[in-house]
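Thanks for sharing this one with me. Here are my notes, set out as numbered points so you can follow along with the coordinates open.

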Amino acid sequence: MRLSLLAFVLFFGSQQSFSQGVNNLPANSMKTIFLNFHLKEVSTGKNEVALIDFDVVSYHTKEFASMKQEVNNAILVLLKNADGEIIAQQTVSSPIIENLEVPSQDGNIQAVTVAKPEADFSVRLPFNQTARKVEVYQLDANKKLTQLATFNLQ
């Protein structure tokens with residue numbers, strides 16, 4: 001409930017609606033939806049996500065295979081139409097887990113994984129006029145999807 005209220009305030013309290021952003025752009029331009037999220041670990045293995053803001057801009061989003069690959073602890077963002085069909089998707093590595101390379105005591109480079117309690121991340125998806133909803137999922141080590149949030153577009 002608390003997450004739903006936060007998502008409502010953050011998403012619907014923004015200065016510009018989804019349709020207003022689209023109407024301010026040239027009709028023949030390629031459009032992209034930039035979505036900015038905040039991910040927070042509320043307990044071990046349980047995360048919450050909030051939509052900070054979004055913008056529809058003139059920009060051609062290229063789709064790469066890496067945008068759809070499955071990696072452990074990844075975040076999957078789906079753009080869906082009114083019928084629930086997937087229009088576009090992007091997979092990003094978990095922003096709260098960072099893999100760093102640091103010098104070790106013996107002068108070699110060693111890999112270190114650092115977990116942060118919260119982090120921001122951005123996603124860009126190709127715009128589609130029929131887009132009505134954004135769903136955010138987390139993919140765990142067993143390739144199981146857990147829905148973190150749903151945001152309705154106006």
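1. **The nonpolar core.** In this predicted model, the largest nonpolar core is made up of 26 residues. Leu35, Phe37, Val77, Phe121, Val134 and Val136 have the most contacts inside that core. The elements that give two or more residues to the core are β1 (31–43), β2 (46–58), β3, β4, β7 (118–126), β8 and β9 (145–152). As general background, nonpolar side chains in soluble globular proteins tend to be buried together.

2. **Val136 and its surroundings.** Which residues does Val136 touch, leaving aside its neighbours within four places in sequence? Its contacts are Phe37, Val49, Ile75, Leu76, Val77, Thr146, Gln147, Leu148, Ala149 and Phe151. If you want a residue to centre your viewer on, Val136 is one of those with the most contacts inside the core.

3. **Strand β3, buried or exposed?** Strand β3 covers residues 74–81, and eight of its eight residues are buried, so the strand is largely enclosed by the rest of the structure. Ala74, Leu76, Leu78 and Lys80 point one way from β3, while Ile75, Val77, Leu79 and Asn81 point the other way. That fits a general pattern: side chains in a regular strand alternate between the two faces of the sheet. Here the residues pointing either way are all buried, Lys80 and Asn81 included.

4. **The partners of β3.** Strand β8 (residues 131–139) runs antiparallel to β3, and eight bridges join the two. Within this pairing, Gln138 in β8 stands opposite Ile75. β3 also pairs in the antiparallel sense with strand β4 (residues 86–92), this time over six bridges, and there Val77 has Gln90 of β4 opposite.

5. **The hairpin turn.** Four residues lie between β3 and β4, which form a hairpin. Have a look at Gly84 in this turn: its phi is positive, at about 85 degrees.

6. **A salt bridge between buried residues.** The count of salt bridges comes to three. One of them joins Lys80 to Glu135, with the closest N and O atoms 2.9 Å apart. This pair links distant parts of the chain, since Lys80 sits in strand β3 and Glu135 in strand β8, 55 residues apart. Both Lys80 and Glu135 are buried; for Glu135 the relative accessible area is 6%, which is why it falls in that class.

7. **A shared partner.** Glu135 also forms a salt bridge with Lys133, where the closest N and O atoms are 3.4 Å apart. Through salt bridges that share partners, Lys80, Lys133 and Glu135 are joined into one network. Lys133 counts as partly exposed because its relative accessibility is 24%, and the cut-off for buried is under 20%.

8. **The Glu98 and Lys116 pair.** Glu98 and Lys116 form another salt bridge, with the closest N and O atoms 2.8 Å apart. Glu98 lies in strand β5 (residues 97–103) and Lys116 in the loop between β6 (109–115) and β7, so the pair links distant parts of the chain, 18 residues apart. How accessible are these two partners, Glu98 and Lys116? Glu98 is partly exposed at 32% relative accessibility, and Lys116 is partly exposed at 27%.

9. **Ser58.** Finally, a small point on strand β2, where Ser58 is found. Ser58 has a relative accessible area of 40% and is therefore partly exposed. Ser58 and Ile33 are 25 residues apart in sequence, and their C-alpha atoms are 9.1 Å apart in space.

Terms used. Residues are numbered from 1 along each chain as its sequence is written. This is a predicted model: local features need pLDDT of at least 70, side-chain atom pairs count only at pLDDT 80 or more; totals for chains, interfaces and linings use all residues. Side-chain values use heavy atoms; hydrogens and water are left out. Buried means under 20% relative accessible area, exposed over 50%, partly exposed in between (1.4 Å probe, protein chains only). Two strands pair if DSSP finds at least two bridges between them. A nonpolar core is a set of buried Ala, Val, Leu, Ile, Met, Phe, Trp, Tyr and Cys residues joined through side-chain atoms within 4.5 Å. Contact means heavy atoms within 4.5 Å. A salt bridge is a side-chain nitrogen of Lys or Arg within 4 Å of a carboxyl oxygen of Asp or Glu.
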